[in-house]
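Trainee: Could you take me through one part of this model slowly, and then set that part in its wider surroundings? I would like a connected account that I can follow with the structure open beside me.

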Amino acid sequence: MRKSSWIAAVSLLACAAFAGSGARAQWATLEPEPLSAFPQSLLAIRTTAGKVVNFKIWTADTRRREEQGLMFVHDMDEHAGMLFLFPGNPEPTMWMKNTFIPLDLLFINAQGRIEYIAARAKPQSLSVIKSPKPSLAVLELKGGACELLGIKTGDSVAHPSFHNAK
C-alpha cells in the first residue's frame, strides 16, 4: 500500500511539472504580436451621402491574430482599423477583453455592406457583441470614428475581401 501511495505521489508531481511547463509555454505565446507584423492594406467606406472615407487597416489573418485583435492598444487614429474575416461563420461574435480603448465594431456582409454598428464598445468588457444579421467580417475602428466620419449602417465598404471589390 505504501509503495502505491509513493507511485501515485510521483505520478502526481510529474503531471504537475508537465502541466506547469505547458502553462509557461502558453503564457509565452500570449505576448502580443506587434501590429506592424500584421498584413496591412487600404480600405474605403462610401457613405450613403456619397462621402468616401479611407482607412489604413491591419488584417487579423490567423487564429492568434484574431484572438489578439486590438488588445493592448492604448490609442489609434480615426483612419486606422483592424479587419476580421469570418468566411465560414455568418454569425461572428466579438468581445473587448484586454482592449483599453472604446471601439466601433462594424459588421459587414459579403457584398461589403455595413449591416450593424456596435458604437463605442466598452473597454475590458467580456460581453458578447454580435450583429442581428449575417456578416462576413468585422471592422474595428477607434470608438466614435463612425459618428465623427458620418459612417452608418447601409454604407458600402470597398476592400478585396468583399464581392463589391473591383
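**Strand β8 and the sheet around it**

Mentor: A good place to begin is the pairing of β3 with β8, two strands that are antiparallel and share five bridges. Within that pairing, methionine 82 lies across from glutamate 140 of β8. Please keep in mind throughout that this is a predicted model.

On the β3 side, glycine 81 deserves a close look, since this residue of strand β3 counts as buried because its relative accessibility is 0%. Leaving out residues up to four places away in sequence, glycine 81 touches Leu139, Glu140 and Leu141, and its contacts also include Lys56, Ile57, Trp58 and Met76. The C-alpha atoms of glycine 81 and leucine 141 are 4.7 Å apart in space, although the two residues are separated by 60 positions in sequence.

Strand β8 itself covers residues 137-142 and is mostly covered, with five of its six residues buried. β8 also pairs with β5, again in the antiparallel sense, and here six bridges join the two strands. One position to find in that pairing is isoleucine 108, which stands opposite alanine 137 in β8. β5 in turn is joined to β6 by five bridges, and these two strands run antiparallel as well; there, phenylalanine 107 has tyrosine 116 of β6 as its bridge partner.

These pairings belong to an open sheet of seven strands with mixed pairing, whose order is β6-β5-β8-β3-β2-β1-β9. β6 and β9 are the edge strands, each of them pairing on one side only, and from one strand to the next the twist averages 30°.

Towards the β9 edge, strand β1, residues 40-46, pairs with β2 in the antiparallel sense over seven bridges, and serine 41 stands opposite isoleucine 57 in β2. β1 and β2 make a hairpin with five residues between them, and glycine 50 in its turn has a positive phi of about 95°. β1 also pairs with strand β9, residues 156-158, in an antiparallel arrangement of three bridges, in which isoleucine 45 is placed opposite valine 157 of β9.

With the strand order in hand, the side chains can be considered. In a regular strand, side chains alternate between the two faces of the sheet, and in soluble globular proteins nonpolar side chains tend to be buried together. In this model the largest nonpolar core has 21 residues, and the members that touch the most others are Leu70, Met82, Met94, Leu105 and Ile129. The elements giving two or more residues to this core are β2 (52-60), β3 (80-85), β5 (103-108) and β6 (114-121). A second, separate core has 20 residues, among them Leu43, Ile57, Ile114 and Ile151.

Leucine 105 is a useful residue to select on screen: residues up to four places away in sequence aside, leucine 105 touches Val138, Leu139 and Glu140, and also Met94, Met96, Tyr116, Ile117, Ala118, Ala121 and Ile129.

A loop position is worth setting beside these strand residues. Threonine 99 lies in the loop between β4 (93-94) and β5, and it counts as buried because its relative accessibility is 4%. Apart from neighbours within four places in sequence, threonine 99 is in contact with Leu70, Met71, Pro123 and Gln124.

Stepping back to the whole chain, there are three helices and nine strands, and from the N terminus on the elements follow the order α-β-β-α-β-β-β-β-β-β-α-β. The chain has 166 residues, of which 38% are buried. Among the contacts with a separation of 6 or more, 69% are between residues 24 or more positions apart. The accessible surface comes to about 9800 Å², and carbon and sulfur atoms account for 60% of that surface.

Finally, a word on confidence, which should guide how you read all of this. The pLDDT averages 84 over the chain, and 80% of the residues score at least 70. Residues 1-28, however, have a pLDDT below 50, and this stretch has zero contacts in the model beyond near neighbours in sequence. Where pLDDT is low, the predicted coordinates should not be read in detail.

Technical notes
Residues numbered from 1 in each chain as written. Heavy atoms only, no water. Core = buried A, V, L, I, M, F, W, Y, C linked by side-chain atoms within 4.5 Å. Buried < 20%, exposed > 50% of the residue type's maximum accessible area, 1.4 Å probe, protein only. Helix = DSSP H or I, 4+ residues; strand = E, 2+ residues; numbered from the N terminus. Contact = heavy atoms within 4.5 Å. Pairing = 2+ DSSP bridges. pLDDT = per-residue confidence, 0-100. Areas by Shrake-Rupley, 256 points an atom, 1.4 Å probe, with all protein chains shown as cover. Axes fitted to C-alpha atoms, helices over the stretch in contact; angles between N-to-C directions.
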